[in-house]
Amino acid sequence: MRCTIAALALVGAAIVPVQAEEVGKVGVDWFGNDIVIDAVTDPKVQGVTCHLASFSRGVIDRLQKGNWFEDPSNASISCQQTGPITIDDIKLGEGGERVFSERTSLIWKKLVITRIYDKANNSLIYLAHATQVQDGSAKTSISTIPLFAGNVTWTKGKPE
């Protein structure tokens, strides 16, 4: 039984996207609401760091307005090259690949970063957006990393 639980934990850890590291928090009112800034590194692209700003509701705001278990979908992203870029085996389709995911409600809603490779413009696009079962949000933010510089390495060769 313990081996089964340990195996499931390892499998679960292997498929969970990267976690964010909080690097800043700015209070925006007296109700405990904050804008939280997280640093997110792409697990398949070394040398790129994204900073994600999102809204975190305080306890007083939750008590006043109800909707206790949910944060707004508002988020902003900025990604930069922070070292030599090494690109591992990434998904190249137009749907991209999820890099980061964090719950913003008790059950259904998540704040997500998706990476998309733009082959025609030799760039990586990072899209911050919310996902929900229904009533998805149109609030998005993007950041682009151009790959035309000479310090980009593709571990499996650049896609043709």
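**Close-up views of a predicted model**

**View 1. Tyrosine 117 and tryptophan 154 are both buried residues.** The model shown here, and in every view that follows, is a predicted one. The count of aromatic pairs comes to one. Its partners are tyrosine 117 and tryptophan 154, which meet edge-to-face, with 5.2 Å from centre to centre and 75° between the planes. The edge-to-face label applies because an angle of 75° is over the cut-off of 60 degrees. To find the two rings, look for tyrosine 117 in strand S6 (residues 110-118) and tryptophan 154 in strand S9 (residues 152-154). The two residues are 37 residues apart, and their pairing links distant parts of the chain.

**View 2. A disulfide joins cysteine 50 to cysteine 79.** The structure's disulfide count comes to one. In this link the distance from S to S is 2.1 Å. The angle about the S-S bond is 105°, and the link is right-handed. Cysteine 50 sits in strand S3 (residues 45-56) and cysteine 79 in strand S4 (residues 75-87), so the disulfide ties together parts that are 29 residues apart in sequence. As for surroundings, cysteine 50 and cysteine 79 are each buried. If you are wondering about the nature of such a link, a disulfide is a covalent bond between the sulfur atoms of two cysteines.

**View 3. Asp42, Lys44, Glu97 and Arg115 are linked in a network of salt bridges.** Three salt bridges are found in the structure. One of them brings together the side chains of arginine 115 and aspartate 42, at 2.6 Å from N to O. Arginine 115 belongs to strand S6, while aspartate 42 belongs to the loop between strand S2 (34-41) and S3, so this bridge ties together parts that are 73 residues apart in sequence. Aspartate 42 is buried, as is arginine 115. For arginine 115 the relative accessibility is 1%.

**View 4. Glutamate 97 forms salt bridges with lysine 44 and with arginine 115.** In the bridge to lysine 44, the closest N and O atoms are 2.6 Å apart. Lysine 44 is in the loop between S2 and S3 and glutamate 97 is in strand S5 (residues 97-103), so the two tie together parts that are 53 residues apart in sequence. Are these two partners buried or exposed? Lysine 44 is partly exposed, with a relative accessible area of 28%, whereas glutamate 97 counts as buried at 10% relative accessibility. In the bridge to arginine 115, the side chains meet at 3.0 Å, N to O. Here strand S5, which holds glutamate 97, is linked to strand S6, which holds arginine 115; the two residues are 18 residues apart.

**View 5. Strand S7 (residues 123-131) runs antiparallel to S8.** The two strands are joined by six bridges. Which residue of S8 is the bridge partner of leucine 124? The partner is isoleucine 145. Along S8, the side chains of Ser141, Ser143 and Ile145 point to one face and are buried. Those of Ile142, Thr144 and Pro146 point to the other face and are not buried. This follows a general pattern: in a regular strand the side chains alternate between the two faces of the sheet.

**View 6. Glutamate 102 is part of strand S5.** Its relative accessibility is 31%, so glutamate 102 counts as partly exposed. Leaving aside neighbours within four places in sequence, the contacts of glutamate 102 are with Lys110 and Leu111. Another residue to bring into this view is alanine 20, which is 82 residues from glutamate 102 along the chain. The C-alpha atoms of these two residues are separated by 8.7 Å.

**View 7. Confidence in the chain is lowest in helix H1 (residues 2-15) and highest in strand S8 (residues 141-146).** The mean is 37 for helix H1 and 94 for strand S8. Over residues 1-16 the pLDDT is below 50, and in the model this stretch has zero contacts beyond near neighbours in sequence. For the chain, the mean pLDDT is 79, and 70% of the residues reach 70 or more.

Terms used:
Residues are numbered from 1 along each chain as its sequence is written. This is a predicted model: local features need pLDDT of at least 70, side-chain atom pairs count only at pLDDT 80 or more; totals for chains, interfaces and linings use all residues. Side-chain values use heavy atoms; hydrogens and water are left out. A disulfide is a pair of cysteine sulfur atoms within 2.5 Å. Helices (H or I, at least four residues) and strands (E, at least two) are DSSP runs, numbered from the N terminus. Buried means under 20% relative accessible area, exposed over 50%, partly exposed in between (1.4 Å probe, protein chains only). Rings of Phe, Tyr and Trp (its six-membered ring) pair if their centres lie within 6.5 Å; planes under 30 degrees apart count as stacked, over 60 as edge-to-face and the rest as tilted. pLDDT is the predictor's confidence in each residue, from 0 to 100. Contact means heavy atoms within 4.5 Å. Two strands pair if DSSP finds at least two bridges between them. A salt bridge is a side-chain nitrogen of Lys or Arg within 4 Å of a carboxyl oxygen of Asp or Glu.
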